[in-house]
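Take a walk through this model, one contact at a time. Start with a single residue and work outwards.

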Amino acid sequence: MNSLEFDNVTFSYAGAKEPALKDINLKIPKGQSVLIAGPNAAGKTTLCRCMNGLVPHFFIGDLNGKVTINGINSKQSGIGQLSQVAGLVFDDPTSQLVCSTVKDEAAFGAENLGVSREEIDRRVTDALEAVRLIGYETRIPQTLSGGEQQAIAIASIMVMDPEIFVLDEPTSNLDPIGSMQVLSIISDLARKQEKTLIVVSHSIEHFVDLADRIIVMNEGRVVLDDAPKEVLQKTEQLLDMGLSPPEVTTLFSRLRAEGVSLGGGKIPIRLEEAYGALKNVSARKAPEPKSSAAEKRGDVVIEVKGVEFRYPSSDVLALNGINIEIRKNEFVAIIGQNGSGKSTLVKHFNGLLRPSGGTVSVYGLGTAKTPVWELSKRVGYVFQNPDLQLFNTTVRNEIDFSLKAIGMPLEKRGDVVESVSKRLNIQQYLDTSPGTLDKGGRQRVAIAAILAMNPDIFVIDEPTTGQDPAHSRQVMNIARELHSEGKTIVFITHNMEIVAEYAPRGIIMFHGRVLYDGPVRQLFQQTEVLKESFLEAPQMVRLAHMLRNQGFPSTLLTVEEMGEFIKQNVG
Amino acid sequence: MLSTLESNRALLIIMPIFKTKEERGSIWAFGSLQIGYAAAFGGLAFALRALGIGIPIAPGMLMDARDVVAIVGPAFSGLAGAIIIGILAALPSAVFSVQCYVPLTMMHSLVFRYLKWPWYHVINSILLLTVYPTWWAVWYQIFGFIPNFWVAFASNLIADAVYIPSNIILIEILRRYSPAAKRIIG
Amino acid sequence: MGLRIEVIPGESFLHKLDARPKFLLFLLITVIVIYFTDPIYVGAIMLAVLLLTRACNISIRKTGVIVKASSPLLIMYGLINVVLGPANTLAAKTPSNILFYLMPVMNWFPVTPQGIVQSVAICIRYAIVVYLLQLVLFTTPVVDIVLALVKWKFPSSLALGTSIGFNFVPVFMNTAASIMDAQACRGWKGLKSGNLADRVRALPVLLVPLFLHGIESAQKIAVAIEAKGFGYNLAKRTYSREIRLRTIDYVTLAVECIIFVVSTILYYTGYGTYMFTYSLLSGLRL
């Protein structure tokens with residue numbers, strides 16, 4: 001019996017104009033591991049919701065066709081019953097944890113099913129052991145790290161002993177350490193416990209080893225469905241949809257398109273395969289890729305001197321002796337795990353936080369005594385979650401709010417609103433409510449509101465976390481444009497591919513200290529530092545390292561650079 | 001026995017005020033969604049009070065943001081959920097406020113349940129100027145903190161009068177911003 | 001506001017006590033504190049509460065933070081009672097009792113020693129009621145409260161909803177703080193600047209995103225508990241924790257009954273009013 005069967009399934013949410021799922025036909029056998037990928041609004045989450053009965057019992061709508069879960073027709077069975085067969089884990093770790101202690105959280109599902117107390121204890125211990133959280137029983141879930149929270153979420157599904165595990169973007173809100181933690185649990189589920197595993201994710205690279213099958217969805221339909229090796233051959237199609245295949249795959253696909261063949265066979269999907277295909281290429285003395293020549297260094301705009309910072313209820317130094325200078329028109333990435341101090345540091349740039357020791361000055365003005373709204377005129381801070389800021393009934397008012405707040409006279413405001421909205425492509429929405437836009441649109445409105453104030457420095461807080469690749473790039477491209485207009489950009493991330501592609505300068509932080517501050521090209525050479533802070537260089541950099549002995553310069557950063565280099569040396 | 005035309009006209013007067021049965025749902029409906037709303041808004045009210053967020057009106061008198069949550073929240077959570085919101089809103093000041101808040105939140109949930117826009121604004125405002133200060137004054141008297149009924153009444157009246165524009169503005173913005181909110185509140 | 005929602009770990013009397021007699025104990029103290037309007041009686045109760053705190057190895061200072069935070073309110077209630085309290089209004093009828101007037105020119109707001117005595121009792125009363133809340137939170141994990149409610153035949157969904165609400169409080173406190181930070185970055189000056197009208201207009205800047213976040217969280221909570229089988233069979237739901245009344249609980253309940261009966265008798269026979277201290281004081285002075 002198949003674990004999951006979708007027969008001609010079409011589903012529309014109540015009140016929606018377009019169906020979220022169109023003509024889905026899938027059969028997923030027991031024990032298979034499937035990766036589901038696709039751009040935003042492709043229907044991946046809706047598909048997951050069908051797998052445990054949330055659709056159609058909780059999310060009301062029109063479900064045509066039949067969804068069979070372990071032989072049970074989802075329309076004829078309640079969610080409670082189906083939860084014993086299929087368990088669902090969501091992307092936001094905090095809002096799926098409802099109990100006061102880890103043990104209670106883990107037991108919650110089993111309690112709901114009326115399992116006896118002794119059995120619950122046994123299952124909870126087994127589950128906590130499987131996710132490596134034995135000893136955490138009395139901890140409070142909300143105080144744990146993102147990775148630990150997701151581990152608890154998975155444990156709380158395990159105690160219900162389902163056959164099928166569905167994980168909807170389990171790592172997208174986590175830092176690299178958290179992702180590693182969750183990935184190892186997931187792979188245990190697949191390999192050791194032989195459960196049927198459905199994972200929705202944007203990080204194809206991480207799941208390519210685990211998945212037996214990749215299903216790509218777009219606009220509610222299944223467009224590709226095959227073994228990973230096959231699906232990833234269609235690289236251009238994936239890139240057009242805004243997905244991020246592994247960098248080596250993109251590399252080889254592009255090279256092939258440009259006529260550079262490196263032996264026949266399929267496009268590699270793993271780093272080792274790429275190395276295998278390239279190891280017989282030996283580079284002639286090719287010039288180093290052009291590193292940015294010594295540019296004229298601008299004046300210092302942000303100066304951080306000897307800064308220490310302690311949060312009010314804590315003894316730990318969140319920032320421990322930071323000395324940084326940011327100059328005009330720089331493009332800086334601040335990298336590190338959660339809790340490394342990156343957000344804490346950048347919040348000092350506009351006065352959201354004041355140092356416990358040392359000084360921070362922006363354009364020569366000390367931040368200790370200047371209020372946030374004053375500093376916001378020069379330092380624009382783009383928050384990760386636009387929904388924290390939007391509250392007006394029209395987009396126009398939303399942008400206007402910032403301008404009114406900083407005291408711009410009425411006559412000038414109208415023009416600024418128009419020009420900013422045109423630039424961010426939201427002009428057509430000016431008189432509609434921001435709540436009707438999708439996440440990307442709302443993010444652009446929030447950026448517009450900051451852009452309208454015309455600050456000289458932009459701080460962008462984690463544009464990559466929790467976003468699909470297309471959206472992250474959208475924000476980063478806006479940043480690049482602003483940079484070319486002379487603005488200074490500082491952004492926080494732990495996505496190394498984005499760092500390699502956009503930022504000339506990188507600062508690595510770990511436990512409140514700066515471990516590295518310098519050009520990104522050299523950053524990726526610091527293997528010790530990267531290891532210490534649990535960061536992994538992008539695939540291209542790792543590939544270049546592996547090919548050192550063939551004369552590949554290890555300072556290659558991106559797919560473009562690697563591609564250029566190979567073309568020059570093979571063609 | 002009213003003729004069809006007359007009965008229709010009678011309905012026309014009542015219809016725009018009261019929500020239909022379909023719009024309402026069952027009174028004690030308390031599924032997971034209502035639990036979610038109750039927990040979320042209750043937690044929100046508690047958090048706002050714990051953070052001390054409010055507008056100082058006079059020294060020692062704070063217009064608590066949690067009261068706005070306690071007025072608008074029950075629109076989402078229904079009657080049973082309103083009990084939860086009341087309990088959680090009351091706890092941060094002292095246990096004794098629970099019996100003050102819970103009947104009030106339940107009252108508001110009924111207002112939102114039965115009335116259409118803009119009548120719920122009207123009734124809420126009337127309640128805030130009459131029932132609210134009376135109820136609070138009674139309990140202040142029992143506890144003895146403000147022994148004179150009229151002083152207690154007057155001081156609560158001032159605070160409640162400030163809540164009226166706050167919750168009207170909040171609801172109007174929510175209705176326009178979010179179609180989901182509009183569907184629920186009406 | 002100073003209220004800490006955390007449990008101070010320990011093995012003391014209060015910690016071991018089942019949530020039900022504990023809750024009744026606090027209710028009892030609140031009631032008898034309302035019975036008595038005499039500062040010495042109420043002061044004795046306060047002393048007892050403080051001794052209890054100490055006996056349970058909980059820092060009085062830490063629990064007292066919330067009293068300190070509420071002190072403006074406390075002083076205000078005290079002052080109101082000095083003038084408007086029943087003790088004062090009664091005593092002011094006899095002009096010889098009046099010490100001075102708050103508004104001397106018009107002879108308004110007389111102040112009598114009886115009034116002062118009673119208002120001191122009121123202040124202590126307020127302090128006790130507020131202090132008790134913090135003490136409850138320090139010694140009772142939320143889950144015990146939920147279980148107690150369920151044992152009292154509270155519908156389990158209500159009990160669970162309350163506990164989920166409790167658990168989300170720190171999350172929402174963070175969100176509220178983030179929203180205020182984020183809006184400050186757009187030039188918003190916060191809730192404390194400007195006149196009253198400005199402040200009322202400033203409130204939606206915080207509340208709208210907060211409410212929307214609340215609505216979103218509500219849906220996520222609902223989906224999460226559904227996905228964990230919440231509605232499966234509410235009647236047959238099991239609980240991995242068990243609370244049972246033990247000897248210590250029965251003894252406490254018995255003691256509570258005795259205290260209640262004694263206090264009620266004292267109340268109805270006229271003891272414990274402000275006259276007690278007043279006569280002591282006048283006896284001392286004269």
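Leaving aside its neighbours within four places in sequence, which residues is B:A45 in contact with? The model is predicted, and in it B:A45 is in contact with B:R66, B:V69, B:A70, B:G73, B:I85, B:L88 and B:A89. One of these partners, B:V69, appears again in the next step.

That step is the nonpolar core. The largest one has 316 residues. B:A45 and B:V69 are among the residues with the most contacts inside this core. Chain A adds A:A155, A:I334, A:A448 and A:V459 to that group. Chain C takes part too: α7(C) gives the most to the core, with 18 residues. In soluble globular proteins, nonpolar side chains tend to be buried together.

Now turn to the side of chain C that touches chain B. Here 55 residues of chain C are in contact with 56 residues of chain B. Five helices of chain C each supply at least two residues to this side: α2 (19–35), α5 (71–84), α7 (113–139), α9 (156–184) and α10 (196–227). The largest share, 19 residues, comes from α10(C). What is the make-up of this side of chain C, in nonpolar, polar and charged residues? It divides into 41 nonpolar, eleven polar and three charged.

Chain C also has an internal division. Its domain assignment gives domain 1 (1–140 + 245–286) and domain 2 (147–244). Domain 1 of chain C is thus written in two segments, and the bounds of domain 2 of chain C run from 147 to 244. The centres of the two domains, taken over C-alpha atoms, are separated by 32 Å. Seven residues from domain 1 of chain C and six residues from domain 2 of chain C make the contact. On the domain 1 side, the residues divide into four nonpolar, no polar and three charged.

The contact between chain A and chain B takes four residues from each of these chains. On the side of chain A, one is nonpolar, three are polar and none is charged.

Next, the sheets of chain A. An open sheet of six strands has the order β6-β7-β8-β3-β9-β10 (chain A), with mixed pairing. Its edge strands are β6 (86–89) and β10 (221–226) of chain A, each pairing on one side only. Neighbouring strands are turned by 15° against each other on average, direction ignored. Within this sheet, β7 (residues 164–168) and β8 (residues 196–200) of chain A run parallel, joined by five bridges. A:F165 has A:L197 as its bridge partner in β8(A). Helix α7 (residues 176–191) of chain A packs on the sheet. The helix touches β3 (33–37), β7 and β8 of chain A, and its direction makes about 150° with that of β8(A).

Elsewhere in chain A, β11 (residues 300–310) and β14 (residues 357–362) run antiparallel, with five bridges between them. A:V304 is matched there by its bridge partner A:V360. Two bridges join β14(A) to β15 (residues 365–366) of chain A, again antiparallel. A:S361 has A:G366 as its bridge partner in β15(A). β14(A) and β15(A) form a hairpin with two residues between them. In the turn, A:Y363 has a positive phi of about 50°.

Finish at A:H483, in helix α18 (residues 469–484) of chain A. Is A:H483 buried, exposed or partly exposed? A:H483 is partly exposed, because 18 other C-beta atoms lie within 10 Å, and a buried residue needs 20 or more. Not counting residues up to four places away in sequence, A:H483 touches A:N329, A:F331 and A:I489.

How values were computed:
Residues numbered from 1 in each chain as written. Chains lettered and ligands numbered in written order. Predicted model: local features only at pLDDT ≥ 70, side-chain atom pairs only at ≥ 80, totals over all residues. Domains from an automatic or database assignment. Contact = placed C-beta atoms within 7 Å. Nonpolar A, V, L, I, M, F, W, Y, C, P; charged D, E, K, R; others polar. Helix = DSSP H or I, 4+ residues; strand = E, 2+ residues; numbered from the N terminus. Core = buried A, V, L, I, M, F, W, Y, C linked by C-beta atoms within 7 Å. Buried ≥ 20, exposed ≤ 12 C-beta atoms within 10 Å, placed from the backbone. Pairing = 2+ DSSP bridges. Axes fitted to C-alpha atoms, helices over the stretch in contact; angles between N-to-C directions.
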